[in-house]
Amino acid sequence: MNPLRQLSLDQLRQRTSMKWRYYPEDVLPVWVAEMDVPLAEPVARAITEAVALGDTGYPAGTAYAEALAEFASKRWGWEPAVERTAIVPDVMLGVVEMLRLVSHRDAPVVVNCPVYPPFYQFIESLGRPVVEAPLDEAWRIDFAVLEDAFVRAGEGSVYLLCSPHNPTGTVHTTAELTEVAALARKHGVRVVADEIHAPIMAAGVSFVPYLSVADDGLSLMSSSKAWNLAGLKAALAIAGPQAAEDLARLPEEVSHGPSHVGILAHTAALRDGGDWLDALLSGLDDNRRLLADLLAEHLPAVRYTPGQGTYLAWLDCRELGLGDDPAKVFLQRGRVALNSGIPFGTGGKGFVRMNLATSPEIITEAVGRMAAAWNETSS
Ligand SMILES: Cc1ncc(COP(=O)(O)O)c(C=O)c1O
């Protein structure tokens with residue numbers, strides 16, 4: 001059964017998480033990357049069993065990495081080596097630790113903008129300069145631009161690759177990732193890949209793990225996006241064979257951050273949540289088509305290319321005449337909350353990000369509110 005069709009708006013409004021509590025009740029939230037789904041049954045069972053047992057102490061063992069290895073081998077034909085993994089509190093804190101491991105304290109970090117805003121926030125709070133390498137018009141990596149960014153960032157810098165890419169949903173191909181690895185080696189740049197959205201692929205699209213093409217890479221993976229477990233903190237850092245020594249230097253205290261119950265939930269998702277994930281993916285395919293149809297009918301000036309991965313939609317609203325920050329107009333006049341494109345860096349002005357991990361009814365209502373807001377300003 002499609003998990004995106006199981007919860008009513010009234011049920012969702014009872015939630016106390018950021019998506020449902022940040023804005024007042026009359027605002028329809030289709031912004032932050034939380035999904036409007038009930039928990040997958042194997043995940044709920046793992047948590048319930050832990051609670052029944054009082055199994056809420058500190059984590060131990062490698063079950064999370066073993067579950068990821070089995071999942072990755074089945075879905076992507078590649079397997080991380082369990083001995084080259086470490087559990088970290090979440091993906092962004094894992095990214096910060098990887099940056100510390102492979103570069104000196106003020107080394108620049110290259111990102112492909114527009115990109116997930118916390119990339120800027122976490123890099124800047126580490127005291128590192130961000131070097132932007134904008135994606136091309138088709139939202140793919142522009143290798144001339146990337147090479148120029150590597151030259152500007154200099155030897156010893158790091159490239160933080162978002163794969164699949166948030167917010168555009170770009171899924172990088174084997175050829176592209178191979179070129180990334182070669183270019184990074186040529187310029188003495190280390191690559192850290194944020195692969196949190198990896199399980200969320202549109203029909204017919206294959207995810208390529210960065211470490212399947214680069215032995216010296218580091219990756220961050222997690223069950224948190226694909227099974228909606230952001231509140232149950234845990235993620236995995238994974239090293240390629242030539243990065244094993246880097247990961248081995250991860251300070252022991254980092255392992256104190258992840259939640260034991262979180263790890264149990266993330267492990268159950270990977271081990272037993274495959275059918276639930278497949279139902280979700282097919283619901284997301286429907287939602288991408290629905291959004292394209294609704295926009296064509298109600299807001300034809302908005303340009304939308306359905307993403308190949310992630311549950312996010314990156315909408316080019318520049319022709320609506322709503323200025324640099326259309327999300328603000330949609331919120332104020334339409335009472336619908338999308339992410340503003342501006343914090344996504346260069347290339348974000350005039351864009352909004354919509355979260356499609358919800359019911360068709362909510363997507364329909366959100367587009368209706370956007371159209372009403374636009375009609376109001378243009379009449
Ligand atoms: C690309 C990307 N990285 C990291 C995160 C956050 O992950 P975590 O909560 O595990 O830090 C998100 C959340 O949406 C994301 O889209």
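These are my notebook entries on what I looked up in this structure.

**Entry 1: domains**

I am working from a predicted model. I started with the domain assignment, which splits the protein into domain 1 (3–39 + 275–378) and domain 2 (42–272). I took the centres of the two domains over C-alpha atoms and got a separation of 25 Å.

Next I looked at how they meet. On the domain 1 side 26 residues are in contact with 29 residues of domain 2. Which elements supply at least two residues each to the side of domain 1 that touches domain 2? I found helix H11 (274–298), strand E9 (312–316) and strand E12 (351–355). H11 gives the largest share, 4 residues. By residue type, that side of domain 1 divides into 12 nonpolar, 10 polar and 4 charged.

**Entry 2: the UniProt record**

I checked UniProt too. Its unreviewed entry puts the feature "domain: Aminotransferase class I/classII large" at residues 63–369. Over that stretch I read 39% helix and 14% strand, with the end C-alpha atoms 45 Å apart.

**Entry 3: helix H8**

I wanted to know whether the length of H8 (residues 174–187) makes sense. At 1.5 Å a residue, its 14 residues should span 20 Å, and the end C-alpha atoms are indeed 20 Å apart, so the two agree.

Which residues of H8 are buried? They are Leu177, Val180 and Ala184. Looking down the axis, I see these buried residues fall within an arc of 50°, so they line one face of the helix. That fits the usual geometry: an α-helix has 3.6 residues a turn, so residues three or four places apart point the same way.

On the other side of H8, I noted Thr174, Ala175 and Lys186 as exposed. The cover over the buried residues includes strand E5 (158–162) and strand E6 (190–194). Just past the end of H8, Gly188 has a positive phi of about 65°.

**Entry 4: helix H5 and Val102**

H5 (residues 91–102) got the length check as well. Its 12 residues reach 16 Å from first C-alpha to last, close to the 16 Å expected at 1.5 Å a residue. I listed its buried residues as Val91, Gly94, Val95, Glu97, Met98, Leu99, Leu101 and Val102.

I picked Val102, in H5, for a closer look. Is Val102 buried or exposed? The cut-off for buried is 20 or more other C-beta atoms within 10 Å. Val102 has 23 C-beta neighbours inside 10 Å, so I count it as buried. Setting aside neighbours within four places in sequence, I found Val102 in contact with Val158, Arg190, Leu218 and Asp246. Val115 is 13 residues from Val102 along the chain, and their C-alpha atoms are separated by 22 Å.

**Entry 5: Gln121**

Gln121 sits in helix H6 (residues 118–125). I found 13 other C-beta atoms within 10 Å of Gln121, so it goes down as partly exposed; the exposed class stops at 12 or fewer. I also took the distance from Gln121 to Arg13: 29 Å, C-alpha to C-alpha, with their positions 108 residues apart in sequence.

**Entry 6: helix H12**

Last, I went to H12 (residues 326–334), where the buried residues are Pro326, Ala327, Val329, Phe330, Leu331 and Gly334. What covers the buried residues of H12? The cover includes strand E10 (336–337), strand E11 (339–340), E12 and helix H13 (360–378). E12 was already in my notes as a supplier of the domain 1 side that touches domain 2. After H12 comes Arg335, with a positive phi near 55°.

Notes: Residues numbered from 1 in each chain as written. Predicted model: local features only at pLDDT ≥ 70, side-chain atom pairs only at ≥ 80, totals over all residues. Domains from an automatic or database assignment. Contact = placed C-beta atoms within 7 Å. Nonpolar A, V, L, I, M, F, W, Y, C, P; charged D, E, K, R; others polar. Expected span 1.5 Å × (residues − 1). Arc of directions from axis to C-beta. UniProt positions renumbered as here; feature names shortened; annotations may be inferred.
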